[in-house]
Amino acid sequence: MQTTIQDSQHADTQVSAEVLRKAYRLMCTAGEMARLFEERKEITAKYVHATSRGHEAIQLALGLQLLPQDFVSPYYRDDSLLLGIGMEPYELMLQVFAKRDDPFSGGRTYYSHPSLRRDDMPKIPHQSSSTGMQAIPATGVAQGMQYREKQGLDSFNAEYLPPISVCSIGDGAMTEGEVSEALQMAALHQFPLLMFVQDNGWGISAEGKEMYAQNAAEFAQGFKGIETRTIDGTDFVQCYQTVKEVLDLMRKERRPFLIHAKVPLLNHHTSGVRKEWYRHDLEAHQTQDPFVRMHALMLAKGFKEDELKTIADHAREEVEADLQRAFEAEDPRPEDLYTYMFAPTPVEEEAGERTPEGAQEVVMVDAALHAVDTILKEYPEALLYGQDVGGELGGVFREAALLAKKYGDQRVFNTPIQEGYIIGSTVGMSAVGCKPIVEIQFADYIWPGVNQLYAEVSRSYYLSNGKWPVQSLIRVPIGAYGSGGPFHSSSVESAILTIRGVKVVYPSNAADMKGLMRAAFLDPNPVVMFEHKGLYWSKVPGSKGARSLEPSDDYVIPLGKARIHQHASQEAVENGESCLVITYGMGVHWATNASKSLGGRVEVLDLRTLEPLDWDAIVAGVEKHNKVLVLTEECEQNSFVESLAGRISSQCFTQLDAPVQIMGAESMPAIPLNSLLEATMLPNADKVQAKLTELLDW
């Protein structure tokens, strides 16, 4: 249902004099900040900033009504919203100048890119600069709120009202694909999400007529179950009353809404893109100034001109003093660059039993299934979702078989075909205390989710200055298996390894699968877990070694610890006749099978974790054997192993008796469907044996 609200004078709800006075004061503050930033642009424009001029009324109407238990995802023009929730001008200005005490990021990110975790204010997870990307994490917050309520993990009463999640967004960003994914999920599951759209008719230099066929409210009507309100965003009373109505309904009925507010853009797009360069409607927008309307309203409500002048003068004095104080504040120190890479993990040592008495042999897929089963049993805040993992199927590889039946459709369930949502929602889920395990059906299809992985998931802990780590276990079946063809066979680890802030795990056997799965779940950081499809069932010739005795349910392997899968003989090492294979996944089995006829001369180091890398184990192996082959299933050129070989050559040069060798798949655009062509492209035990013989003879 779409409602267009025409005039505040016909509304029933009154706005108190206290609220009007506070809103006027904060509107003056925001205006003075914008004025001063422009007047002092020689210092304030060193780093890019935007201001809320023209958007103040609707932003304050929301900010003044949010509760500490609420979550809000602002965007880069929302400084009035931040003032409304209680932030001080000085705090915002610390971010203008990228200062060390910037409360959001410690000087790491742009103005009005907040992240806040204070008990007395609404919570703000990390906000990236990628417009529209906040929609999925904000919806993930709402999803997590709903999950916790339905599982009985949170309770509310008249004094502690149910929370809502707000996604503040511009009209141009509504066209992003991620926004559609978020709206689809919010509508489908009726999450308590408020899409808060500020429509000023501009992107940067693109006008609305160039960007979309309908406004945000009309667009949202395509998602059944999202109710909308369209309002004049310059009328504070109308905005306040509408926001109150919507928030009250959401706290009671727990369903999604969209507020579409029409506003003018009275300042530059940003300090780096000046309005006079391209705007043709400046005079028309100026006639809609919400401050002018607010001033007239205050007089009509009985406030005196002298009182309003006093408020404005105080705001000017405060802003000018705060600007100078913020400018003089301490800059970050060089050593600050290195903090908050990863949140500390509780799993630092191997624990539990790898080969308990009476253990049965299992395949990798069952080890993974049992690990997740145990996690769901122990942690009510844990849940599993992705494409086809719920219901009867339990994953296309049966890696979640029967879990939905055991734990219910609220905890193990199917999603739409939305890799972006699957990955990005974990940011919001984690923020509210859920522990999501999600699955991308095939590594080939991870690409639509990489935007969220890169912009939102990986950078949250670092750019929030340690406030918002993202606990996210992302399972990704990977690798070539049984002529899967060009879209079900790819190896993508090198691309994912370029995304800093994400841990990458790649087990080669059932015991490691179970231990790494649990450790990855317990890790407070995002972990991508690659699971080779050809090793799941040990059906590929030469992969029987992926089977192992099943470890205990509490077994954990710390991430970043390699393991010697096969030792070379002591005699071969002492005689200088050995070599080291550094590999992971299927490469472990190729190397092991290839070395059977080489008389104990080959040691196989299974990396198990690709990020963080166990460099100490690599160096120790190089020093021990002096000859190295780095082996992968990926295409060799421009790959992780090529980079690793270069690092070994550079940092271990004096320990090498031969050039570091590399082996991977042929560097072709895709793996062909035909089995002969597939075999031609990929490494195998015979090819590895030939390479090892060549290396040992060096």
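**Figure 1. Thr-230 stands opposite His-260 in strand 6.** Welcome to this predicted model, and to a close-up of neighbouring strands. Strand 6 covers residues 257–262. Strand 5, made of residues 227–232, pairs with strand 6 in the parallel sense, and six bridges link the two. Strand 4 (residues 193–199) also runs parallel to strand 6, joined to it by six bridges. To find that pairing, look for Met-195, whose bridge partner in strand 6 is Leu-258. Is strand 6 mostly enclosed or mostly open? Five of its six residues are buried, so strand 6 is largely enclosed by the rest of the structure.

**Figure 2. Strand 19 pairs with strand 16 and with strand 20.** Strand 19 spans residues 628–635, and seven of these eight residues are buried, so the strand is largely enclosed by the rest of the structure. Strand 16 (residues 579–583) pairs with strand 19 over three bridges, in the parallel sense. Here, Val-581 has Leu-629 of strand 19 as its bridge partner. Strand 20, residues 661–665, is likewise parallel to strand 19, with four bridges between them. Follow that pairing to Cys-635, which stands opposite Ala-665 in strand 20.

**Figure 3. Helix 23 is largely enclosed by the rest of the structure.** This helix runs over residues 586–594. How many of its nine residues are buried? Eight of them are, so the helix is largely enclosed by its surroundings in the structure. Try picking them out one by one: the buried residues are Met-586, Gly-587, Val-588, His-589, Trp-590, Ala-591, Thr-592 and Ala-594.

**Figure 4. Thr-29 is a buried residue of helix 1.** Helix 1 covers residues 17–39. The relative accessible area of Thr-29 is 2%, and because buried means under 20%, this residue counts as buried. Which residues does Thr-29 touch, leaving aside neighbours within four places in sequence? They are Leu-83, Pro-89, Ala-315, Glu-318 and Val-319. For a sense of scale, find Tyr-379, which lies 350 residues from Thr-29 along the chain. The C-alpha atoms of Thr-29 and Tyr-379 are separated by 46 Å.

**Figure 5. Ile-423 sits in helix 16 and is buried.** Helix 16 is made of residues 419–431. Ile-423 has a relative accessible area of 0%. Not counting residues up to four places away in sequence, Ile-423 is in contact with Ile-440, Ile-446, Gly-449, Gln-452, Leu-453, Val-457 and Ile-474. Now look for Gly-386: 37 residues separate Gly-386 and Ile-423 in sequence, while their C-alpha atoms are 9.3 Å apart in space.

**Figure 6. Tyr-340 and Ser-538 each have a positive phi.** Why point out these two residues? Because most residues other than glycine have a negative phi. Tyr-340, which is not a glycine, has a phi of about 65°. Its place is in the loop between helix 13 (305–328) and strand 7 (361–362). Ser-538, not a glycine either, has a phi of about 55°. Look for Ser-538 in the loop between helix 21 (533–536) and strand 14 (548–549). Which of the two is buried, and which is partly exposed? Tyr-340 is partly exposed, with 33% relative accessible area, whereas Ser-538 is buried, at 1% relative accessibility.

**Figure 7. A cis peptide bond joins Glu-611 and Pro-612.** This bond is worth a look because most peptide bonds are trans. Its omega is about 0°. Pro-612 belongs to the loop between strand 18 (609–611) and helix 24 (615–625).

**Figure 8. The whole chain contains 27 helices and 20 strands.** Its radius of gyration is 29 Å, close to the 26 Å that the globule rule gives for 698 residues, so the chain is as compact as a globular protein of that length. Computed along no single view but along the principal axes, the box filled by the C-alpha atoms is roughly 95 × 55 × 45 Å. Buried residues make up 60% of the chain. Among contacts with a separation of 6 or more, 81% join residues 24 or more positions apart. The chain exposes about 26,900 Å², with carbon and sulfur atoms supplying 51% of that area. Finally, consider the charges: the mean positions of the 64 positive and 95 negative charges are 2 Å apart.

Note on methods
Residues numbered from 1 in each chain as written. Predicted model: local features only at pLDDT ≥ 70, side-chain atom pairs only at ≥ 80, totals over all residues. Heavy atoms only, no water. Buried < 20%, exposed > 50% of the residue type's maximum accessible area, 1.4 Å probe, protein only. Contact = heavy atoms within 4.5 Å. Rg over C-alpha atoms; globule rule 2.2 N^0.38 Å. Areas by Shrake-Rupley, 256 points an atom, 1.4 Å probe, with all protein chains shown as cover. Lys, Arg positive; Asp, Glu negative; His and termini not counted. Charge placed at Lys NZ, Arg CZ, Asp CG, Glu CD. Pairing = 2+ DSSP bridges.
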